Amino acid sequence: MLRATAFALTMLGVFSVPAHAANLKANQIVELANVELAADGTESITYSPATDVEPGEQIRYSLVYANQGADAAENVSLVMPVPSEVTYVEASADGASSNVFFSADEGQTFAPRDEVTIDDGLNVRLATSAEITHIKWDFAEPIAPAATGAVRYNAVLN
């Protein structure tokens with residue numbers, strides 16, 4: 001069991017909140033995906049705290065936010081790194097009322113997933129899931145006072 005790894009993943013998942021949204025508070029949650037197969041063959045996924053994670057298991061990183069201020073938080077972008085110990089699961093990033101962008105250069109630049117490229121000196125190619133280093137959610141609308149929500153993505157422990 002990789003109890004220490006799960007703890008390290010929790011600590012590495014640092015996120016950023018813009019200074020102009022000072023009353024926007026966020027907490028990161030790291031959960032283990034538990035896949036259950038019903039008798040009829042359908043799959044259901046539940047999540048539990050990621051205390052023991054084995055290589056190959058899926059983890060969900062969530063950033064749960066709340067606007068604790070009296071004014072709307074405008075022009076909000078939330079960024080979460082993808083720790084090097086995991087591989088991003090394609091098409092798993094979500095968050096209400098936001099546009100999702102990805103980085104393969106440690107958060108220096110962001111683009112839609114199908115435009116994130118790697119230049120290896122000879123060729124420019126689409127970045128693989130394993131090369132995604134950061135995910136950013138740009139909110140299309142202000143976050144109203146007392147509003148709450150979450151952005152999240154899934155990854156697999158290497």
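These legends go with close-up views of a predicted model.

**View 1. The whole chain has one helix and eleven strands.**
Start with the overall layout before zooming in. Going along the sequence, the pattern reads α-β-β-β-β-β-β-β-β-β-β-β. The chain runs to 158 residues, and 37% of them are buried. Among contacts with a separation of 6 or more, 73% are between residues 24 or more positions apart. As for the outside, about 8600 Å² of the chain is exposed, and carbon and sulfur atoms supply 53% of that.

**View 2. The largest nonpolar core holds 32 residues.**
Look for Ile135 and Tyr153, the two that touch the most other members of this core. Several elements give two or more residues to the core: strand 1 (24-37), strand 3 (58-67), strand 4 (77-81), strand 5 (86-88), strand 10 (134-139) and strand 11 (148-157).

**View 3. Here is Tyr153 with its contacts.**
Leaving out residues up to four places away in sequence, Tyr153 touches Ile59, Arg60 and Tyr61, along with Met80, Pro81, Val82 and Pro83. Its list also takes in Tyr88, Ser92, Ala93, Ile135 and Trp137. Keep an eye on Arg60, since that residue turns up again in the next view.

**View 4. Glu31 and Arg60 form a salt bridge.**
The closest N and O atoms of this pair are 2.8 Å apart. Glu31 sits in strand 1 and Arg60 in strand 3, so the pair ties together parts of the chain that are 29 residues apart in sequence. Both Glu31 and Arg60 are buried. In general, side chains of opposite charge can pair when their charged atoms come close. The count for the model comes to four salt bridges, and two others get their own views below.

**View 5. Arg113 and Glu90 meet through their side chains in a salt bridge.**
The N to O distance is 2.8 Å. This pair links distant parts of the chain, 23 residues apart: Arg113 is in the loop between strand 7 (98-103) and strand 8 (117-119), while Glu90 is in the loop between strand 5 and strand 6 (94-95). How do the two ends fare for burial? Arg113 has a relative accessible area of 15%, so this residue counts as buried, because the cut-off for buried is under 20%. Glu90 has a relative accessible area of 35%, so this one is partly exposed.

**View 6. Another salt bridge joins the side chains of Arg125 and Glu131.**
Here the N to O distance is 2.7 Å. Arg125 has 33% relative accessibility and so counts as partly exposed. Glu131 is at 22% relative accessibility, so Glu131 is partly exposed too.

**View 7. Three strands make an open sheet in the order 4-10-7.**
The pairing in this sheet is antiparallel. Strand 4 and strand 7 are the edge strands, each pairing on one side only. On average, neighbouring strands are turned by 20 degrees against each other, direction ignored.

**View 8. Strand 7 and strand 10 run antiparallel.**
This close-up picks out one pairing from the sheet in View 7. Six bridges join strand 7 to strand 10. To find one of the residue pairs, start at Asn99: its bridge partner in strand 10 is Asp138. As a reminder, strands of a sheet pair through backbone hydrogen bonds, either parallel or antiparallel. Strand 10 is also one of the elements that give two or more residues to the largest nonpolar core in View 2.

Conventions
Residues are numbered from 1 along each chain as its sequence is written. This is a predicted model: local features need pLDDT of at least 70, side-chain atom pairs count only at pLDDT 80 or more; totals for chains, interfaces and linings use all residues. Side-chain values use heavy atoms; hydrogens and water are left out. A nonpolar core is a set of buried Ala, Val, Leu, Ile, Met, Phe, Trp, Tyr and Cys residues joined through side-chain atoms within 4.5 Å. Buried means under 20% relative accessible area, exposed over 50%, partly exposed in between (1.4 Å probe, protein chains only). Helices (H or I, at least four residues) and strands (E, at least two) are DSSP runs, numbered from the N terminus. Contact means heavy atoms within 4.5 Å. Two strands pair if DSSP finds at least two bridges between them. Axes are lines fitted to C-alpha atoms, for helices over the stretch in contact, and angles run from 0 to 180 degrees between N-to-C directions. Accessible areas come from the Shrake-Rupley method with a 1.4 Å probe; for residues, only the protein chains shown count as cover.
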